[in-house]
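Thanks for sharing this one. Here are my notes, in numbered points, to read alongside the structure.

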Amino acid sequence: MTPHTKKLIGLLAASGLVLVACGDGGSSEASADGRGNITFAMGKNDIDKIKPIVEKWNADHPEEKVTVQELAGESDEQRNKLVQTLQAGSSDIDVMALDVVWTAQFAANGWLAPLEGDLKVDTSDLLQPTVESATYRDKLYALPQNTNGQLLYRNTELVPDAPKNWDELKEACKKVKDQDCLTTQLKQYEGLTVNTAGFMSGWGGGITDDAGNITVTDDASKDGLQALVDAYKDKTISSSSTSTTEEETNLAFTEGKTAMAINWPYMYTNSEEDSSKVKGKFDVSPLVAKDGVGVSTLGGYNNGINVNSQKKATALDFMKFIISEENQKSFAKASFPPVLASIYDDPALQEEFPYLPALKTSLENAKPRPASPRYDELSKAIQDNAYAALTSGKSVDAAVKDMGDAIKNTSGN
């Protein structure tokens, strides 16, 4: 066992995640060619998008049927169920839909079969940021299933033209009178981490770089957080944003209470409903940053194979089936953003879902959240300090220093 591995085991033990294997891929690599019936586990909130695909697979593969195991709706409960199964070394679940931020945690614990050798898969047709989200220490551990990226929504009566950069957005806000201009999620929860990371990356920095090095204290990262804080203080970003989640943002925009909003694609459909006060008078564009297109944080699910599965070959084939053109189109029709890049260029889909070109740009410029086995602690450090900078007068210099110190403690660096 190398010193690095010993260090990693200590970190994971401290975080409550227990390693079940010290090598990449665990103890079941010999079963990479195993075939037969498999079980696929996913949270119930989005399982309706997968069930028709499972039915098609089962009709064509009577000897290798997929059984769906529906997990809880709450993210923490989903993860806890999977962790319990994996820590026990069980092979009851073959494929699991992982929130993108779990991939590093599960990979570091040796719970996922790396997609190499007999399990190698071609990802060249996928949006590359989604592939990055499924990669840990330069190795692919999962296959992206669906993704998500933020969009800038605007009431076209109040903001007729899409801003091309942050300064243009601020100028547009000066013309909005007697109501909020831009609403986003700055409440002290994961949404604040997402938006803090987006601003830092949009100014050329970020929480960590692609190699995992801490960059939150770099000048560019500080500039991004300062831009966020300044926009909140000068009312470019609404005062209500520090108590706002995605759903409150959705209500503010569809009720006509804010001229612009940052939110996920689901709000597009809500904005088109008859009850929406912006129906027929709104548009979307990619996020904006210092010099142009902004940086969305990546959402979505990655599908991973349980390292203990005895049916890995079937598991991989089913995962590849999910990202076939036909099935990825079904995701687009269900407002479940696909990972297959070509879907966003389909003229018929663009006519039905006009936000697709903007979403593709958003996703092409998106960044995954940091790949950390202790992501929850990292996120809390970002939230706590960004919120203090926004609401309690904490300086940006002090906020990023404390973020960096806390992240070092979670990583052991």
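1. Let me start with helix α14 and its neighbours. The buried residues of α14 pack against α5 (128-133), β6 (143-148), β7 (151-155), β10 (282-285) and α13. The helix itself covers residues 356-364, and its buried members are L356, A358, L359, K360, S362 and L363. Please keep in mind that this is a predicted model.

2. Helix α13, one of the partners of α14, spans residues 347-352 and contains P347. Is P347 buried or exposed? P347 counts as exposed because its relative accessibility is 62%, and the cut-off for exposed is over 50%. If you look for T217 from there, the two residues lie 130 apart along the chain, and their C-alpha atoms are separated by 43 Å.

3. Two of the strands that α14 packs against, β7 and β10, also belong to an open sheet of 4 strands with mixed pairing. The order across this sheet is β8-β9-β7-β10. Its edges are β8 (180-183) and β10, each pairing on one side only. Ignoring direction, neighbouring strands here are turned by 15° against each other on average.

4. A closer look at one edge of the sheet: β8 pairs with β9 (residues 258-263) in the parallel sense, over 3 bridges. Within this pair, L182 stands opposite M260 of β9. Helix α6 (residues 166-174) packs on the sheet, where it touches β7, β8 and β9. The direction of α6 makes about 145° with that of β8.

5. You may want to check the cysteines. How many disulfides does a search of the whole structure find? The search finds 1, formed by C173 and C181 with their sulfur atoms 2.0 Å apart. The link is left-handed, with -80° about the S-S bond. C173 counts as buried because its relative accessible area is 10%, under the 20% cut-off. C181 is buried too, at 3%.

6. Finally, the nonpolar interior. In soluble globular proteins, nonpolar side chains tend to be buried together. The largest nonpolar core here has 60 residues, and L82, F106 and L225 touch the most other members. Leaving aside residues up to four places away in sequence, F106 touches R79, L82, V83, L86, M96, L98, W111 and L112. A second, separate core holds 57 residues, including F253, A261, I322 and Y344.

Note on methods
Residues numbered from 1 in each chain as written. Predicted model: local features only at pLDDT ≥ 70, side-chain atom pairs only at ≥ 80, totals over all residues. Heavy atoms only, no water. Core = buried A, V, L, I, M, F, W, Y, C linked by side-chain atoms within 4.5 Å. Buried < 20%, exposed > 50% of the residue type's maximum accessible area, 1.4 Å probe, protein only. Contact = heavy atoms within 4.5 Å. Disulfide = S-S within 2.5 Å. Pairing = 2+ DSSP bridges. Axes fitted to C-alpha atoms, helices over the stretch in contact; angles between N-to-C directions.
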